[in-house]
Amino acid sequence: MHEPTLLSQIIHPANLNQAYKQVMKNKGAPGIDDMPITALQAHLALHKETLIHQLQRREYKPQPVKRVEIPKASGGVRLLGIPTVTDRFIQQAIAQVLTPIFDKQFHDNSYGFRPKRYAEMAILRALENINEGYEWLVDIDLERFFDTVHHDRLMNIVARTV
């Protein structure tokens, strides 16, 4: 028996159903198309097969994100990009397949934006390390990382993984 392709795993009905449930659970504001989360079920009933075929043919094009400014407590603003609900659904379906693959490559002391990990775990691990005699703790904010990363190098790393 052969290993299913990543795309077949992404568009598998069980994965798409789980992606739908997660997007609905996360809620969120409408994107640039102004479609509310409450319209996703009806939208997918009409367009799911078209979306699947676009994904299979590599023709799916995400919409631009809606840019909003969120005020920071310290002053200034944080820029936020809000994808359309449909794009969030597709992103979630992809993430559910790719996250387990990529997560294995992260260092055990990495906690940010990882499944089943949260800030308190990082603090407890840091305290354990201090108690074991380590003197350095590194906290990295990747706020502008993707603005400056060499994308060709990044994609080469991705290509070696999937």
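**Exercise 1. Classify E59 by accessibility in this predicted model and identify its salt-bridge partner.**

Solution. E59 has a relative accessible area of 43%. Exposed requires over 50% and buried under 20%, so E59 is partly exposed. The model from which this value is computed is a predicted one. The next step is to find the partner: E59 forms a salt bridge with R57, and the closest N and O atoms are 3.1 Å apart. This separation satisfies the criterion of a side-chain nitrogen within 4 Å of a carboxyl oxygen. By this rule, the structure has five salt bridges.

**Exercise 2. Determine which parts of the chain are tied together by the salt bridge between D34 and K66.**

Solution. Begin with the contact itself: the side chains of D34 and K66 meet in a salt bridge, with an N to O distance of 3.7 Å. Next, place both residues. D34 belongs to the loop between α2 (13-26) and α3, while K66 is in strand β1 (residues 66-71), so the pair ties together parts that are 32 residues apart in sequence. Finally, consider accessibility. D34 is exposed, at 54% relative accessible area, whereas K66 is partly exposed, at 28%.

**Exercise 3. Establish which residues are joined with D108 in a salt-bridge network.**

Solution. The side chains of R117 and D108 meet in a salt bridge of 3.1 Å, N to O. Their relative accessibilities are 21% for R117 and 43% for D108; R117 therefore counts as partly exposed, and D108 likewise counts as partly exposed. Salt bridges with shared partners join D108, R117 and R125 into one network. As general background, side chains of opposite charge can pair when their charged atoms come close.

**Exercise 4. Describe the largest cavity by volume, lining and residue character.**

Solution. The structure holds one cavity of 30 Å³ or more. The volume of the largest cavity is about 70 Å³. Its lining consists of I10, I11, L16, K48, L51, I52, L55, F89, I90, A93 and I94. Two elements, α3 (40-56) and α4 (85-103), give two or more residues to this lining. Sorting the lining by character gives 10 nonpolar residues, no polar residues and one charged residue. Since Lys counts as charged, the charged residue is K48.

**Exercise 5. Identify the residues with a positive phi at K27 and K116, and locate each in the fold.**

Solution. Most residues other than glycine have a negative phi. Phi of K27 is near 60 degrees, a positive value in a residue other than glycine. Phi of K116 is likewise near 60 degrees and positive. K27 lies in the loop between α2 and α3, and K116 in the loop between α4 and α5. Regarding accessibility, K27 counts as exposed at 57%, and K116 is exposed at 80%.

**Exercise 6. Describe the nonpolar surface patch that includes F145, and then the setting of D141.**

Solution. V138, I140, L142, F145 and F146 make a nonpolar surface patch of about 550 Å². Of these residues, F145 is placed in helix α6 (residues 145-148). F145 has a relative accessible area of 32% and is partly exposed. It thus passes the patch requirement of over 30%. D141 is found in the loop between α5 (119-131) and α6. With a relative accessible area of 63%, D141 is exposed. The C-alpha atoms of D141 and G112 are separated by 9.6 Å, and these residues are 29 residues apart along the chain.

Methods:
Residues numbered from 1 in each chain as written. Heavy atoms only, no water. Patch = residues over 30% accessible without salt bridge, like charges linked within 9 Å, V, L, I, M, F, W, Y side chains within 5 Å. Areas by Shrake-Rupley, 256 points an atom, 1.4 Å probe, with all protein chains shown as cover. Helix = DSSP H or I, 4+ residues; strand = E, 2+ residues; numbered from the N terminus. Buried < 20%, exposed > 50% of the residue type's maximum accessible area, 1.4 Å probe, protein only. 1 Å grid on protein atoms, 1.4 Å probe; cavity = no way out; pocket = protein on both sides within 12 Å on 5 of 7 lines; lining within 4 Å. Points joined across faces, edges and corners; volume = space filled by probe spheres on them.
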